[in-house]
Amino acid sequence: MPRALILLMGSALCLCAQEPPAAAPAAATVAAPRAPLLDDGLLDPSWFGEGIAFTKGDDVDYFWIKPGLDLTGHTLHMKPWEDPAMLRKGRDGKDNAKATELTDSFPGMLRGALTGAFNGRAKVSRTEGDLIVIGRFVDANAGSKAAKWLVGLGAGSETATWDLKILDAKSGELLLAVHHRAISGTAMSTIQDKLVKWADKFATFTATRAIK
């Protein structure tokens with residue numbers, strides 16, 4: 001075999017034996033900045049979705065409503081609420097029990113209040129609907145009845161804080177977002193009483209803004 005051909009074949013073998021060039025490192029994925037928590041850390045905007053700019057109100061502490069929202073003719077499916085999130089650290093068993101109790105009872109309060117406020121122009125159901133209503137409690141303090149009676153001045157107050165949203169059942173689009181805190185600071189009321197009153201306020205708030 002000619003010497004030139006042998007040298008050429010040897011060079012080719014050397015090139016094949018070399019390791020292939022390393023692939024260029026993949027570009028690092030930069031996580032989107034998370035929206036800051038509001039209401040002393042109890043309002044997490046990520047639970048509602050991206051780009052929600054809340055407005056502070058009176059009957060509703062924080063809210064957002066899709067421009068032009070009209071619930072007329074729709075049926076709202078009041079789903080069972082999510083388990084409590086309890087975003088405030090240090091809550092004990094009584095506080096968690098109160099949050100769980102309210103999780104079970106509050107959707108019924110809201111369903112009744114909304115049904116009355118809508119006056120047949122929209123419906124609220126616990127089994128079906130083209131819109132979904134769901135929520136979660138993010139904090140609860142069971143308080144102390146004894147402190148309410150004996151000390152007063154806010155001692156032993158019961159509190160509950162929750163998120164609530166209305167979604168399109170098919171697309172999942174957010175239509176309404178709410179965050180609110182209720183406080184029972186005297187022995188003349190309980191946190192359940194406060195939630196019943198707020199349910200009526202929220203129903204009027206929603207009907208006024210979203211029933212045409």
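So, what pattern does the protein follow when you read along the sequence? Going from the start, we get α-β-β-β-α-β-β-α-β-β-α, with four helices and seven strands in the protein. Keep in mind that this is a predicted model.

A bit of overview, then. The protein has 212 residues, and 39% of them count as buried. If you take contacts between residues at least 6 apart in sequence, 72% join residues at least 24 apart. The accessible surface comes to about 12400 Å², and carbon and sulfur atoms account for 57% of that.

Okay, on to the rings. Searching the whole structure turns up 12 aromatic pairs. Take phenylalanine 63 and phenylalanine 205: their ring centres are 5.0 Å apart and the planes sit at 75°, so we call this pair edge-to-face. Phenylalanine 63 is in strand 2 and phenylalanine 205 is in helix 4, so to speak 142 residues down the road, and the pair links those distant parts of the chain. Both of these phenylalanines are buried.

Then there's tryptophan 81 with phenylalanine 137, a tilted pair, with 5.5 Å centre to centre and 40° between the planes. Here tryptophan 81 comes from the loop between strand 3 and helix 2, while phenylalanine 137 belongs to strand 5, 56 residues apart. Tryptophan 81 counts as buried at 6% relative accessibility, and phenylalanine 137 does too, at 0%.

Those four residues also belong to a cluster linked by ring pairs, along with Phe106, Trp162, Trp198 and Phe202.

Last thing, charges over rings. Arginine 209 has its charged end over the ring of phenylalanine 63, 6.0 Å from the centre. And lysine 165 lies over the face of tryptophan 47, 3.9 Å from the ring centre.

Definitions and conventions: Residues are numbered from 1 along each chain as its sequence is written. This is a predicted model: local features need pLDDT of at least 70, side-chain atom pairs count only at pLDDT 80 or more; totals for chains, interfaces and linings use all residues. Side-chain values use heavy atoms; hydrogens and water are left out. Helices (H or I, at least four residues) and strands (E, at least two) are DSSP runs, numbered from the N terminus. Buried means under 20% relative accessible area, exposed over 50%, partly exposed in between (1.4 Å probe, protein chains only). Contact means heavy atoms within 4.5 Å. Accessible areas come from the Shrake-Rupley method with a 1.4 Å probe; for residues, only the protein chains shown count as cover. Rings of Phe, Tyr and Trp (its six-membered ring) pair if their centres lie within 6.5 Å; planes under 30 degrees apart count as stacked, over 60 as edge-to-face and the rest as tilted. A charge sits over a ring if NZ of Lys or CZ of Arg is within 6 Å of the ring centre and within 35 degrees of the ring normal.
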